[in-house]
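Want to learn how to read a protein model step by step? Let's talk it through together, one feature at a time.

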Amino acid sequence: MLTILGHPGNLGMSWIDNSHHRCLYYCDIMNCEDRALVFRCEDAWLYGILSLPRQLSSRGVLIAVGGPQYRVGSHRQFTLLARHLAANGSPVLRFDFRGMGDSEGSARTFEHVEDDLRCAIDTFLAEVPSLNELVILGLCDAASAALFYAYQDLRVTGLVLLNPWIRTNEGVAKVYLKHYYSKRLLQSDFWHKIGSGKFDYVAAVHSLWRTVGAAVAGKYLTGTSLKGKNLEKTCSLAPLPERMFEGLRRFQGRVLLIISGNDLTAQEFLDLVNGSVEWQKLLTSPQVSHLNLPEANHTFSRREWRDQVGAWTQDWIHSW
């Protein structure tokens, strides 16, 4: 018995198959099928969407969602990306971490989602028996979470890291001084506010002073102090840049790094790399590919940016 949820159109038709208790979405133009999944992670039910091509490949893509978002993503970017990759031959699973979107359980930060990722991968491979390896794709702190997890799971052979989150107090202060305040001086609305008498000099000075203080309060660490140590035991103690460095150093698969030019999070990551010989050496290894979108913002919100990320990811996945 079928219950109609939509109607035929440019995007296809969706319905519930009551005999199998799963929701199907057939993308007529995209040449793929969306299937709703429910799976357990400890004592919580997690919800996801599996996008399947007509011809299944042996390498899938798991989309990890960062920040306070769920599996659709900002401006539907993960939905559209998943369907694009599936239409070009790659099975894709996107899901909600515990406590986010439709999934049960208590919300948690990107530093505590390893069990969620492992359960999602178990389910993904069980649902698509043709898979023997997969790529994790993450934006912002989901990219950081992927680095924490990937080296522990041999089934993960690739990572797509979009504008990785590597935030420290001194790091964000430096990037604001270097990239935000310098641009602000060139903006006409800034000088208009001053000319109109609406500029709050006291608040501005205090803000700038706090930023300068944070910038000079400490230095970035490169990750070398974690070499040879147990990353899991030091996870809550070491600075974020160190933990990310060590996760990437231990990962033996391939990496695609995509960076936006108009994004302070991306700039903070690049400033860290540019100031660290260890990071530079790691990112220039043969296993790492690095691409830039100079005009793009943090979430690749324009269609041309989103499409470019999809095309680059697709080409990279099929290149090895």
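What follows is a chat between a learner and a teacher about this predicted model.

Q: Let's start with the overview. How many helices and strands does the protein have?
A: Counting the elements is a good way in. The secondary structure here comes to eleven helices and eleven strands. The protein has 320 residues, and buried residues make up 50% of them.

Q: And how do I read the contacts across the chain? What share of them links residues 24 or more positions apart?
A: Set aside pairs with a separation under 6, and look at what's left. Of the contacts with a separation of 6 or more, 64% are between residues 24 or more positions apart.

Q: Where do the nonpolar side chains go?
A: Here's the general idea: in soluble globular proteins, nonpolar side chains tend to be buried together. In this model, the largest nonpolar core has 54 residues, and L62, I136, V156, L159, F269 and W279 touch the most other members. Helix α3 supplies the largest share of this core, with eight residues. Apart from that core there's another one, of 24 residues, including I63, V92, L139 and V309.

Q: Helix α3 sounds worth a look. How many of its residues are buried?
A: Ten of its ten residues are buried, so α3 counts as mostly covered. The list runs D141, A142, A143, S144, A145, A146, L147, F148, Y149 and A150. As for what they pack against, that's β6 (59-64), α2, β8 (133-139), β9 and α8 (240-250).

Q: Can we zoom in on one residue of that helix? What does A142 touch?
A: Sure, A142 is found in helix α3. The cut-off for buried is under 20% relative accessible area, and A142 counts as buried because its relative accessibility is 2%. Not counting residues up to four places away in sequence, A142 touches A64, V65 and G66. You can also compare sequence and space: A142 and L161 are 19 residues apart in sequence, and 8.4 Å apart in space, C-alpha to C-alpha.

Q: How do I describe the way two helices meet? At what angle do α2 and α3 cross?
A: You look at their axes. Those of helix α2 (residues 114-127) and helix α3 (residues 141-150) come within 10 Å and cross at roughly 75°. An angle of 65 to 115 degrees counts as roughly perpendicular, and therefore that's the word for α2 and α3.

Q: Which residues meet there?
A: From α2 you've got E114, L117, R118 and I121, and they meet A145, F148 and Y149 in α3. Sorted by class, this contact has five nonpolar, no polar and two charged residues.

Q: What about L125, is it buried or exposed?
A: L125 lies in helix α2. Its relative accessible area is 19%, so L125 is buried. Leaving aside neighbours within four places in sequence, L125 is in contact with L131, L134 and R155. L125 and S58 are 67 residues apart in sequence, with 10.0 Å between their C-alpha atoms.

Q: Which helix holds I317, and what does I317 contact?
A: I317 is found in helix α11 (residues 303-317). With 3% relative accessibility, I317 counts as buried. Beyond neighbours within four places in sequence, I317 is in contact with R59, V61 and S90. Along the sequence, I317 and V160 are 157 residues apart, yet in space they're 9.4 Å apart, C-alpha to C-alpha.

Q: What should I look for in backbone angles?
A: Most residues other than glycine have a negative phi, and most peptide bonds are trans. Here E42 has a positive phi of about 55° although it's not a glycine. E42 sits in the loop between β4 (32-41) and β5 (44-53), and E42 is exposed, with a relative accessible area of 54%. N163 also has a positive phi, near 45°, and is a residue other than glycine. You'll find N163 in the loop between β9 (156-162) and α4 (169-184), where N163 counts as buried at 0% relative accessibility.

Q: Last one: how many disulfides does the structure hold?
A: A disulfide is a covalent bond between the sulfur atoms of two cysteines. This structure holds zero disulfides. Take C119: the nearest cysteine sulfur, that of C41, is 3.6 Å away, and C119 is in no disulfide. The cut-off is 2.5 Å, so a pair of sulfur atoms has to be within that to count. As for C140, that residue is buried, with a relative accessible area of 13%.

Methods
Residues are numbered from 1 along each chain as its sequence is written. This is a predicted model: local features need pLDDT of at least 70, side-chain atom pairs count only at pLDDT 80 or more; totals for chains, interfaces and linings use all residues. Side-chain values use heavy atoms; hydrogens and water are left out. Buried means under 20% relative accessible area, exposed over 50%, partly exposed in between (1.4 Å probe, protein chains only). Axes are lines fitted to C-alpha atoms, for helices over the stretch in contact, and angles run from 0 to 180 degrees between N-to-C directions. Helices (H or I, at least four residues) and strands (E, at least two) are DSSP runs, numbered from the N terminus. Angles under 35 degrees count as roughly parallel, over 145 as roughly antiparallel, 65 to 115 as roughly perpendicular and the rest as oblique. Contact means heavy atoms within 4.5 Å. Ala, Val, Leu, Ile, Met, Phe, Trp, Tyr, Cys and Pro count as nonpolar, Asp, Glu, Lys and Arg as charged, and the others, Gly among them, as polar. A nonpolar core is a set of buried Ala, Val, Leu, Ile, Met, Phe, Trp, Tyr and Cys residues joined through side-chain atoms within 4.5 Å.
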